[in-house]
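Here is a friendly walk through a protein model for someone who has not met it before. Take a look at the structure first, and then read on.

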Amino acid sequence: MKNPILKSLLISLIAFGFSTATSYGMTLYLYTPESAGPITPVATPSVGGGLNIDPSAPRTSECPINGVMYTTAEQKVWETRRPLFVMIENSVDARPQSGLGSADIVYEAVAEGGVTRFGAVFYCGVAKADTIVGPVRSARTHFINLASEYNYPLYAHVGGANCSSADGGKTCTTDKRVQALEQLSSYGWVGRTGNDLNQFSIGFPTFWRDYERMGRTVATEHTMYSSTEKLWKYASGTRGWTNLAPESVMPKNAKLDWKDNFTKFTWKDDAAESARGDVAKISFGFWESYHDFDVTWSYDKTSNTYTRTNGDAAHKDRNDDKQFTAKSVLVQFAKELGPLDDHKHMLYEVIGSGEGILFQDGTATEITWSKKDRESRTVFKDGKGKPVSFNRGTLWVEILPTDNKVVY
């Protein structure tokens, strides 16, 4: 080419195109989850991978969180870790969520504006296979208060309510009672010896965004995902967080397993089919005018399980297209405060005491609950003042305002 200006421009365009293509390719490589790999007998498989579990192996190991019996191989995996407590959203655009069907316990409560959110506890049920979880959303105070019962669990979230303002925080726009990020810091959860897995300080590839996972394009806030093995791998490999409680809360030179001071629930086997009740359907809403978040749990007497409908549609897991089920559904009535600020933040007082209803074995039992302080375990008792015994299996705790009605 004779014209040196045109030649220079052409070379620049070719270089730019090559650079852009390379950058895009590296982005896809770094910012998407690993592809599903073969089943391998290791504790940290790739997404979709897992342990080779002999289906005939005896299930003699009780999960400390929900009482389910697992194999010794699975127990060896979970005993090296602390539980994961993951914030998963429930906006209509977030459905179907990933991973809730594999959680040991799920808590549900309003975050703000009538929109509910989940606090999902992962420990035993995902020991055998990596599980995608999400969409992951921000921290909220009442969920932190519940997570605290698990003795410094690995708390996974994307940011949270905080003292934000246009002037850099000088004029706080968030009510002090719900400043979740400031609370996490004051509790010692943030930092090298803590337990906080905030996506803002971790990023890719532990967390990634997937705009098309729902089969349709959704807004950015509904696209953050991670996986159980990626979270545990980051916690142990990068931060050195294992099954031991954080150094900041342990006596000098002591090594305390997180379970050492953990109060387990009391578990029982299913009632015999002949002894099961006939409470076939449980229905309730969180806010009167937000029916997209209305919940129905339908009881199947033969399997002794409850299946979940959310907003008049079967509520399913994106990972396997199975409808969410529970062995026990506990409605916990709590005092509702809010909206507390311009952000419409809500607070549910899960520290204190109150009433509730336990649904299991086809029956409905009025109960009471109490929680002395943030780190104490919530104690559930029946009408005679005895601790409730839960069926072994997934427990869903539905936190409702005290004046809400449950139909059954």
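## A first look, starting at Tyr290

Tyr290 has a relative accessible area of 34%, so this residue counts as partly exposed. The model you are looking at is a predicted one. Tyr290 is found in the loop that runs between strand 12 (281-284) and strand 13 (295-300). Leaving aside residues up to four places away in sequence, Tyr290 touches Gly113 and Gly114. Tyr290 and Val115 are 175 residues apart in sequence, yet their C-alpha atoms are 8.0 Å apart in space.

Now for the whole protein. Its secondary structure comes to 5 helices and 23 strands. The protein has 408 residues, and 49% of them count as buried. If you take the contacts between residues at least 6 apart in sequence, 64% of them join residues at least 24 apart.

### Helix 5

How many of the 10 residues of helix 5 are buried? The count is 7, so helix 5 is largely enclosed by the rest of the structure. Those buried residues are Thr228, Glu229, Lys230, Leu231, Trp232, Tyr234 and Ala235. Trp232 turns up again in another setting: Arg81 lies over the face of its ring, at 4.2 Å from the ring centre. There is a similar arrangement to look for at Tyr187, where Arg374 sits over the face of the ring, 3.5 Å from the ring centre.

### Rings that meet

Next, the aromatic side chains. The structure holds 21 aromatic pairs. One of them joins Phe265 and Trp267 in an edge-to-face arrangement, with 5.9 Å from centre to centre and 70 degrees between the planes. Phe265 and Trp267 are both buried. Phe265 also pairs with Phe390, and this pair is tilted, at 5.1 Å centre to centre and 55 degrees between the planes. What does the pair of Phe265 and Phe390 tie together? Phe265 lies in the loop between helix 5 (228-237) and strand 11 (266-268), while Phe390 is in strand 22 (residues 389-391), so the pair links parts that are 125 residues apart in sequence. Like Phe265, Phe390 is buried.

Elsewhere, six rings come together as one aromatic cluster: Tyr70, Trp78, Tyr123, Tyr150, Trp258 and Phe262. Keep Tyr70 and Trp258 from this cluster in mind, as both names come back in the pockets.

### Two pockets

The largest pocket holds about 780 Å³ of space. Its lining is made up of 35 residues, and Tyr70, Gly101, Ser102, Gly125 and Lys128 lie nearest the centre of the pocket. By class, the lining of this largest pocket divides into 11 nonpolar, 14 polar and 10 charged residues.

The second largest pocket has a volume of about 280 Å³. There are 18 residues lining this second pocket, and the closest to its centre are Asn151, Tyr152, Trp258, Asn261 and Glu375. The lining of the second largest pocket has 7 nonpolar, 5 polar and 6 charged residues.

### Backbone details

A few spots along the backbone are worth a click. The table gathers the cis peptide bonds at Pro96 and Pro135 and the positive phi values of Asp312 and Asp321.

| Where | Backbone feature | Value |
|---|---|---|
| Arg95 to Pro96 | cis peptide bond | omega about 0 degrees |
| Gly134 to Pro135 | cis peptide bond | omega near 0 degrees |
| Asp312 | positive phi, not a glycine | phi near 70 degrees |
| Asp321 | positive phi, not a glycine | phi about 65 degrees |

Where do you find these residues? Pro96 has its place in the loop between strand 3 (84-89) and strand 4 (105-112). Pro135 lies in the loop between strand 6 (132-133) and helix 3 (141-147). Asp312 is in the loop between strand 14 (305-310) and strand 15 (313-314), and Asp321 belongs to the loop between strand 15 and strand 16 (325-326).

Is Asp312 buried or exposed? With 78% relative accessibility, Asp312 counts as exposed. Asp321 is exposed as well, having a relative accessible area of 53%. The cut-off for exposed is over 50%, so the 53% of Asp321 puts this residue in that class.

Technical notes
Residues numbered from 1 in each chain as written. Predicted model: local features only at pLDDT ≥ 70, side-chain atom pairs only at ≥ 80, totals over all residues. Heavy atoms only, no water. Phe/Tyr/Trp six-rings, centres within 6.5 Å; stacked < 30°, edge-to-face > 60°. Buried < 20%, exposed > 50% of the residue type's maximum accessible area, 1.4 Å probe, protein only. Helix = DSSP H or I, 4+ residues; strand = E, 2+ residues; numbered from the N terminus. Lys NZ or Arg CZ within 6 Å of the ring centre and 35° of its normal. 1 Å grid on protein atoms, 1.4 Å probe; cavity = no way out; pocket = protein on both sides within 12 Å on 5 of 7 lines; lining within 4 Å. Points joined across faces, edges and corners; volume = space filled by probe spheres on them. Nonpolar A, V, L, I, M, F, W, Y, C, P; charged D, E, K, R; others polar. Contact = heavy atoms within 4.5 Å.
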